[in-house]
Amino acid sequence: MAEAHPVGFQWVMEAKKRGAKVFHVDPRFTRTSALADTYLPIRAGTDIALLGGVVRYILDNELDFREYVLAYTNAATIVSEKFADTEDLDGLFSGYNPETGSYDHASWQYEGQEGNTTVRGTGKERDSASGLEHESHGEPVPAQTRRDETLRHPRCVYQILKRHFARYTPEMVARVCGIPEEKFLELARAWTENSGRERTGALVYSVGWTQHSVGVQYIRTGSIIQTLLGNMGRPGGGILALRGHASIQGSTDIPTLFNLLPGYLPMPHHADHPTFDKWVDSIRHPGQKGFWGNSRAFAASLLKAYWGDAATPENDFGYGWLPRMTGDHGTYQQVLNMIDGKVKGYFLLGQNPAVGSAHGRAQRLGMANLDWLVVRDLFLIESATFWKNSPEIATGEIVPEECRTEVFFLPAASHVEKEGTFTQTQRMLQWREKAVNPPGDARSELWFFYHLGRVLREKLAASTKPRDRALLDLAWDYPTHGAHAEPSAEAVLREINGFDVATGRPLNAFAEAKDDGSTAIGCWIYTGVYADGVNQAARRKSRHEQDWVAAEWGWAWPANRRTLYNRASADPEGRPWSERKKYVWWDPDAGEWTGYDVPDFEKTKPPSYRPPEDASGPAALAGDDPFVMQGDGKAWLYAPSGVLDGPMPTHYEPAESPMRNPLYGQQANPTRKIYEHPINRINPSPPEPHSEVFPYVFTVSRLTEHHTAGGMSRTVPRLAELQPEMFVEVSPELAAEVGLAHLGWAHLISGRAVIEARVLVTDRLTPLRVDGRIIHQVWLPYHFGSEGLVTGDSANDLFGITLDPNVLIQESKVGTCDIRSGRRPTGPALLDLVGDYQRRAGMPPDRKVPIVTTDVLGGENAAGSTDEQTPEAAARDGEDHA
Amino acid sequence: MPDANSLYGPLDPAPDAGWEAAPPRMGFFTDTSVCIGCKACEVACKEWNGVPDSGFDLLGMSYDNTGALTANSWRHVAFIEQPRPAGHRTPPFAGDPTGPAAGSPASAAVGAGTATDTGTNPGLPPGRPESAARMSTGPEFLGMPGAQPPGRGAGAESRSDFRWLMMSDVCKHCTHAACLDVCPTGSLFRTEFGTVVVQEDICNGCGYCISACPYGVIDQRKDDGRAWKCTLCYDRLGAGMTPACAQACPTESIQYGPLDELRDRAAQRVATLHERGVPEARLYGHDPTDGVGGDGAFFLLLDEPEVYGLPPDPVVTTRDLPQMWKRAGLAALAMAAATVAAFVGGSS
Amino acid sequence: MSPDRPVGALFRRFRERLAAERTAVANRTGGEPGSPTARGVGRADSGSRATGTGAGVGRTDAGARDAGLTPHPPRDAAPTVGRRRGGKGGRGGEQLTVPPAEFTSYYGRPVLKPPVWKWDIAAYLFTGGLAAGSSLLAAGGQLTGRPALRRAGRATSLAAVSASAYFLINDLGRPSRFHHMLRVAKLTSPMSVGTWILSAFGPAAGIAAVAEVAPRLPPHGVLGPVRRLLPPTGHAAGLVAAVTAPALATYTGVLLADTAVPSWHEAYPELPVIFAGSALASGAGVGLLAAPPGQAGPARRLAVAGAALELWGAHRVENRLGLLSEPYAAGTPGRLLRAGRALTAAGVAGAWLGRRSRLLSAASGGALLAASVCTRFGIFHGGVASARDPKYTVVPQRERADRGA
Amino acid sequence: MGLKTFIQGWPVYRQLTGTDPLGRGAAAQSARSAELTARTETADGVARSVCPYCAVGCGQRVFHKDGRVTQIEGDPDSPISRGRLCPKGSASKSLVTSPLRQTKVRYRRPYATEWEDLDLDVALDMIADRILAARDETWEDVDDEGRPLNRTLGISSLGGATLDNEENYLIKKLFTAMGALQIENQARI
């Protein structure tokens with residue numbers, strides 16, 4: 001955190017000053033470790049084993065915050081007797097289908113609801129990253145579930161959890177993670193001792209967690225701990241995702257993602273959502289509890305915002321115009337399609353996949369096989385110059401004279417040359433004022449897309465093709481100003497906020513959304529950012545003039561709420577759990593919820609409220625159901641649906657690992673998304689042979705002095721001089737083993753590429769004793785590329801493409817490689833070296849990666865081919881580190 | 001009239017430099033125990049003061065690629081990797097199969113030899129491998145690093161302990177500033193805030209200040225010939241603003257304010273750290289009775305000053321200036337006498 | 001002739017001779033060329049880095065002994081560190097048995113910034129002293145009726161002071177701003193004081209020298225009055241110069257001492273004495289070169305006085321300062337100072353033995369001048385070396401701090 | 001300048017007559033130093049902005065004069081950052097004023113080995129033509145069961161996560177309307 005989010009880290013130091021204990025878990029000793037009270041070096045890719053150990057420690061010693069757990073979680077709920085755990089199936093859950101490499105969730109359901117799930121073969125949920133749709137939109141679980149408040153029932157969630165994590169003992173944690181037992185126990189003790197009624201503990205992660213083939217389950221494990229300890233919805237608690245880009249949160253809220261529409265509404269799927277009603281019902285699940293009950297209004301209002309007058313109840317608000325998904329259209333699928341010549345044109349908008357995405361070589365070869373490429377950026381980044389200055393030029397894989405890609409580079413306006421809002425990592429929108437005009441041809445994306453749309457509509461004006469109606473009928477009349485006819489960002493923000501179609505009055509809350517076309521809302525969760533016709537995101541009331549919640553600085557969605565689910569900061573009766581930790585509470589005299597923050601609850605719904613049998617939507621939430629977006633108003637320790645790779649987290653080895661999974665016969669995530677493409681060779685892992693060809697584990701992350709792919713830091717002398725060269729950090733032990741010298745050269749080889757770097761021999765890295773053997777890990781920054789003031793090989797070139805099944809985020813935080821002293825070969829010799837390793841490791845182009853590695857299913861090794869497809873997900877942050 | 005302590009001893013420098021009704025003396029307190037080594041100070045300083053870059057070479061001095069305070073780096077963040085206990089923290093590598101503690105010393109020894117063109121003179125001279133190694137391992141280190149491969153050196157059997165020291169160095173703005181006193185043009189002068197500033201419109205690059213500074217701070221910019229160093233953002237102070245580095249510092253490692261307040265705050269901080277089991281915490285440059293009359297920019301350190309590249313006990317050269325003039329006078333008289341004798345005495 | 005030529009030439013010859021001698025020694029002691037000491041020679045005026053100094057010290061001594069040159073004296077006053085390193089080095093070091101440095105510093109880098117003064121400041125130390133010495137000689141000659149001494153003294157004084165001005169301005173980072181020196185008058189700044197001394201001395205020495213052309217002016221016509229007025233003006237100016245000369249010669253000692261450079265600062269009691277002596281000796285040298293033996297008596301006596309002061313001072317700094325004496329004994333500075341001592345001795349001896357030989361007198365005059373050059377450069381580079389090596393900054397301060405603690 | 005004022009401006013004179021005989025401070029101050037002011041004081045204006053690097057969302061104050069950014073520093077009012085910035089945030093001025101920034105449209109023809117210039121409006125027009133061509137070439141109306149698809153898989157987009165919400169909104173709106181489905185973002189990575 002100190003490394004990648006230094007200014008955020010000031011609050012950790014603040015807490016430390018007040019006596020908080022800081023633990024840091026990271027494969028390498030970073031600037032954060034230097035300031036932490038305790039640092040735990042861990043084998044990359046084993047966090048679930050560590051966190052699972054903590055879960056076990058909590059349950060075995062009954063250290064959970066029992067009142068909280070009973071009232072606010074599904075711990076007491078009884079699960080179907082059909083459910084079989086990884087304990088019984090050697091690492092698989094019940095319902096696994098080796099053909100599709102995915103799960104049928106029927107057996108995971110609560111007792112008596114086995115027939116309820118809409119989810120059968122989840123292969124298509126995976127391909128359209130739609131698993132978490134059910135977590136965010138709520139799986140249909142009727143209010144009344146069978147519960148055992150004593151938590152003794154063998155099939156209640158509490159007991160199932162206990163059994164599931166039974167084998168995550170301190171010894172096992174040591175065996176898997178390489179963390180000595182004493183160290184682990186110190187962490188477990190501190191965490192539990194500092195949680196409960198009087199104290200809370202916070203959990204902070206970055207993409208060190210998300211960029212894994214089991215990334216979502218990492219975070220699930222964290223949630224389970226924080227929920228058991230009663231740290232959710234309470235001040236000083238929670239799980240904080242430190243995301244890596246100024247508006248990456250906004251990029252998921254108002255997504256430019258293939259499977260999402262603004263406000264986490266799913267992109268329609270050609271098979272599942274033939275009609276507007278089917279689409280809407282798949283979101284709101286008629287009869288279900290919670291705020292998604294209103295989603296018909298949100299959906300209708302979005303389409304109204306898109307197509308204005310042309311969107312009417314009669315034509316389902318133009319639902320028919322929406323493009324339909326048929327499966328995986330994610331960025332990595334796109335790149336492979338580019339290589340296969342299926343994609344004509346590619347827009348890169350302030351993004352540098354040639355350096356920033358996994359498998360840089362595939363990225364660049366894909367770009368080299370387009371008809372045209374549009375790059376909009378501040379600088380000539382690697383992705384704009386791949387045709388003249390990429391590693392593939394040296395190897396002869398790209399020959400400028402033979403590369404047909406037509407490239408348009410359009411200079412972009414910087415953050416001070418345009419106005420608009422960023423949404424930072426705590427969901428807070430902050431408006432930026434414009435300081436100066438952009439230089440020369442530089443323009444904002446707002447300008448580019450507004451005018452691109454204008455030109456397209458002019459060109460199509462005469463068209464009678466039905467396909468063009470969506471463009472021609474688009475509501476696209478934004479006021480412009482200035483010499484460049486810059487569209488008004490405030491006008492767009494108004495549309496995002498939503499307005500009453502008749503009067504144009506900006507809406508104040510998403511509760512005002514209507515499903516009859518009388519309201520238009522660009523992104524329903526942002527409704528309120530323009531409340532009372534005022535740009536709330538532009539508020540800049542000094543922190544000195546308001547309380548510590550600082551509710552009048554910027555605007556946070558939803559409804560300017562700073563802490564989600566904050567109803568949980570009060571007990572079931574609505575009283576603060578403790579005076580020290582009071583945040584939001586029920587005021588009986590005023591008859592309303594009050595506190596420091598905007599209560600995340602219907603303001604006047606008393607704690608004592610119990611819904612009538614037939615209630616649905618928000619009305620079905622009881623006065624003590626704090627988790628208002630959940631189908632049952634409860635926090636889920638066990639997820640009967642929604643998480644595609646299991647109702648509970650399970651440790652799987654990374655897709656590339658030098659180790660056999662010590663916990664189960666199942667080696668890696670059996671539902672991970674893999675691409676079998678000649679260019680995407682995955683290094684062998686046990687039980688496959690030849691894993692010893694790539695004996696070392698490598699992990700990559702950020703340096704404080706650089707930003708992501710370097711486009712905004714290697715171009716700035718102030719930053720470039722602070723970390724001027726690509727390097728690799730190795731432990732003295734590994735240096736001695738391989739014969740590496742400090743500041744000498746080394747090159748690293750994976751099944752995809754070979755890169756070189758200067759060597760830093762440092763005691764900050766250590767070998768780990770894991771399952772009876774020594775594992776060496778090396779660390780690399782991934783900021784370097786071939787352009788800019790300082791250049792170097794790109795660490796991301798080493799990675800293959802394997803994705804988390806829930807959100808289709810690549811595993812780019814851990815891989816296997818070999819490391820050798822000296823510089824890498826150049827030209828064709830470089831390809832020979834990689835080829836030689838591929839031969840030795842047995843990685844032919846048509847290699848099938850074994851998915852199931854346990855014979856519990858009768859030993860059949862199903863290849864990870866996937867079935868047909870479907871929608872959504874909250875994707876997570878690109879880079880930086882755990 | 002000049003103060004009795006004009007050349008040595010406790011002194012409030014601004015009035016002594018002729019500032020009547022001077023504001024309270026302002027300064028820096030840099031608390032290295034909360035420094036995260038982010039280098040925001042280096043960048044913020046360069047942005048505000050328009051300081052040129054100081055070389056694009058990987059120095060191999062841990063994460064320090066700046067190397068030293070120079071005319072082109074007015075803040076410098078030092079990084080020291082030591083396989084040594086860090087206060088109350090659990091040993092980071094306890095129980096790990098680590099080898100002998102020779103990684104840091106050996107790497108430091110290599111780092112000692114690197115160089116980069118800082119664009120300044122003398123800039124960043126290379127160092128002595130042995131004392132570099134010693135910095136990274138402490139007195140127990142024996143033998144020449146680099147003589148044996150990393151990880152095979154002498155020292156503890158395994159390095160369970162480890163700490164990473166970071167410290168943002170800067171001009172000390174001494175109470176008795178030798179650079180200022182020896183400056184023949186009055187380019188270096190004492191501001192009303194008690195700080196020491198080079199006036200770029202006056203400096204003629206005589207270089208005297210560079211030899212006079214006991215901390216090795218001030219330095220000469222090659223292409224321009226003048227001497228440059230931290231001004232404690234004199235222009236910002238005039239506008240009632242905080243110096244750029246202190247304003248940027250994310251963790252309040254760099255604190256700016258009236259020196260008296262800072263000294264109290266620092267004393268309390270040391271006390272707190274001692275309570276919390278960090279006995280190695282000590283102040284540096286805070287004492288008005290030290291060799292330079294106390295620094296306007298002082299530090300909380302976690303190891304001996306020399307480990308951070310600071311002189312252990314600097315004394316301002318002008319302490320002895322009266323003596324020097326006396327000696328020169330005597331020598332001059334001797335010269336005259338000798339001449340007279342040579343001409344009047346003797347025959348031929 | 002350009003004022004810096006003779007000095008430059010002299011200096012170059014010295015470097016060549018010492019270099020030759022060094023390699024001879026290196027060969028005899030099996031020291032490979034490119035060894036730290038060999039590099040040390042090349043370092044003399046290059047301003048490049050002194051990495052190997054530590055390792056070099058011992059070898060230089062060993063080499064020096066084998067070469068039959070004056071070994072540098074035992075360092076009784078030296079703190080433990082200094083002695084051990086000396087002793088160890090004395091046993092002749094192969095590369096890997098360099099004793100561990102018993103001090104710490106940040107990546108072994110210098111704590112101080114070594115002086116940025118180029119060799120022309122060292123040259124100025126000489127020319128300034130020469131100007132002072134010769135103007136005293138001139139005044140003496142003027143008052144005791146020794147016109148040869150007067151003429152030579154005045155001429156040399158002007159030449160030397162002009163050279164001084166050139167060196168000083170040439171060393172500035174911003175020569176065009178040399179006049180900023182006159183902005184302030186600071187007693188705390190030896191360079192400021194020196195500037196004002198020079199501003200008094202320079203013109204006086206100039207006028208005195210110009211006055212020497214009076215006899216060559218036509219007795220009648222416009223220049224007639226000038227011819228009559230010049231001599232008395234010259235006399236006055238000569239006396240003014242002579243009065244300021246001792247200050248000019250000795251302030252430079254303070255100039256070097258008033259720095260953080262360890263071996264300069266600690267030598268503050270001696271430096272003015274050395275420089276005074278060196279100035280006298282060089283002045284005397286001029287006398288011996290220029291004056292017929294008949295008039296050279298005072299010069300010979302001055303030479304003795306100067307040599308005495310210079311040798312006494314030099315001996316003190318090479319022994320009294322303990323560890324901080326090391327830089328004056330080691331490497332180039334050591335060789336320069338030893339050469340200076342030898343030349344001074346030779347010069348004095350020559351001056352007395354050659355009382356009747358114009359040639360021998362002149363030679364010893366030259367030797368004295370050369371001696372002065374060597375001494376100045378030796379002292380200069382000794383200080384620079386002490387600033388380049390963190391040892392000389394850290395060890396004494398650490399000991400002081402520990403004593404204080 | 002008269003001789004009198006010259007003399008009085010002479011630091012030596014000020015030393016002799018003033019409160020600073022040693023010439024250390026008041027007497028030695030130059031005219032420039034005496035008039036020195038922070039350029040933030042003389043800026044034409046200051047914009048309240050937000051750091052463009054990571055997602056912490058630190059407040060920035062952007063000072064500008066004559067249409068040029070003259071200083072970017074932390075906003076002390078911000079409850080998030082309290083006026084502090086990391087090295088990247090602190091380097092923002094260098095980022096936006098960098099001489100390396102491209103300010104002209106660059107165009108690379110197929111098979112070309114060098115960039116050439118192109119007028120912005122022409123570029124926009126050419127891009128529009130290529131979009132329509134790709135769209136026509138790869139348009140899918142319905143799947144094999146006749147269910148609507150309304151899309152093209154011939155166009156891809158990958159957006160960075162430093163774009164404004166307003167920009168992302170228009171991007172998604174326009175691409176969706178033209179049937180381009182393969183719109184992705186750093187958020188996936």
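Visitor: Is Cys245(B) buried or exposed, and how many C-beta neighbours does Cys245(B) have inside 10 Å?

Guide: Let me say at the start that this is a predicted model, and that to judge burial we count the C-beta atoms lying around a residue, where 20 or more others within 10 Å make the residue buried. Cys245(B) has 29 C-beta neighbours inside 10 Å, and therefore counts as buried. This cysteine is found in helix α8 of chain B, which covers residues 244–248.

Visitor: Which residues does Cys245(B) touch, once residues up to four places away in sequence are not counted?

Guide: A contact list of this kind leaves out residues up to four places away, and for Cys245(B) it holds Cys41(B), Ala44(B), Cys45(B), Arg75(B) and Ile254(B). Cys45(B), in turn, touches Val51(B), Trp74(B), Arg75(B), Ala244(B) and Cys245(B) on the same kind of count. Cys45(B) sits in helix α2, residues 40–49 of chain B, and counts as buried because 27 C-beta neighbours lie inside 10 Å.

Visitor: At which residues does UniProt place the "binding site" feature that includes Cys45(B)?

Guide: Such a label comes from a record, and an annotation may be inferred rather than shown by experiment. Here an unreviewed UniProt entry places the feature "binding site" at Cys45(B), Cys230(B), Cys233(B) and Cys245(B). These positions are spread over 201 residues of sequence, yet they cluster in space, with a largest C-alpha distance of 10.4 Å.

Visitor: At which residues is the "binding site" feature that includes Cys171(B) placed?

Guide: The unreviewed UniProt entry places that feature at Cys171(B), Cys174(B), Cys179(B) and Cys213(B). They are spread over 43 residues of sequence and also cluster in space, the largest C-alpha distance being 11.1 Å. Cys171(B) lies in the loop between β4 (163–170) and α5 (178–182) of chain B, whereas Cys179(B) is found in helix α5 itself. Cys171(B) counts as buried because it has 26 C-beta neighbours inside 10 Å, and Cys179(B) is buried, with 26 other C-beta atoms within 10 Å. Leaving aside neighbours within four places in sequence, Cys171(B) is in contact with residues including Trp74(B) and Cys230(B), while the contacts of Cys179(B) include Cys209(B) and Cys213(B).

Visitor: Turning to whole chains, which chains share the most contacts?

Guide: For whole chains, we look at the contacts that join one chain to another. Of the 5 pairs of chains in contact, chains A and D share the most contacts. The contact takes 133 residues from chain A and 99 residues from chain D, and the side of chain D that touches chain A divides into 49 nonpolar, 26 polar and 24 charged residues. Chain A and chain C, by contrast, are joined by no contact, and their closest C-alpha atoms lie 14 Å apart.

Visitor: Which strands of chains A and D are joined by bridges, and how do they run?

Guide: Strands can pair in the parallel or the antiparallel sense, and a pairing can link two chains, as we see here. Strand β11 of chain A (residues 406–411) and strand β4 of chain D (residues 106–108) run antiparallel and are joined by 3 bridges, with Phe409(A) standing opposite Arg106(D). Strand β9 of chain A (residues 345–349) pairs with β7(D) in the parallel sense over 5 bridges, and the partner of Leu349(A) in β7(D) is Gly159(D).

Visitor: How many residues of strand β7 of chain D are buried, and what is joined to this strand within chain D?

Guide: In strand β7 (residues 148–159) of chain D, 10 of the 12 residues are buried, so the strand is largely enclosed by the rest of the structure. Within chain D, β6 (residues 139–142) is joined to β7(D) by 3 bridges and the two run antiparallel, with Val142(D) bridged to Pro148(D). Their hairpin has 5 residues between the strands, and in it Gly146(D) takes a positive phi near 80°. Strand β8 of chain D (residues 180–185) pairs with β7(D) in the parallel sense over 5 bridges, where Gly159(D) has Asn185(D) as its bridge partner. From β7(D) the chain crosses through helix α7 (residues 165–177) of chain D to β8(D), and this β-α-β crossover is right-handed.

Methods:
Residues numbered from 1 in each chain as written. Chains lettered and ligands numbered in written order. Predicted model: local features only at pLDDT ≥ 70, side-chain atom pairs only at ≥ 80, totals over all residues. Contact = placed C-beta atoms within 7 Å. Nonpolar A, V, L, I, M, F, W, Y, C, P; charged D, E, K, R; others polar. Pairing = 2+ DSSP bridges. Helix = DSSP H or I, 4+ residues; strand = E, 2+ residues; numbered from the N terminus. Right-handed = clockwise from strand over helix to strand, strands pointing away.
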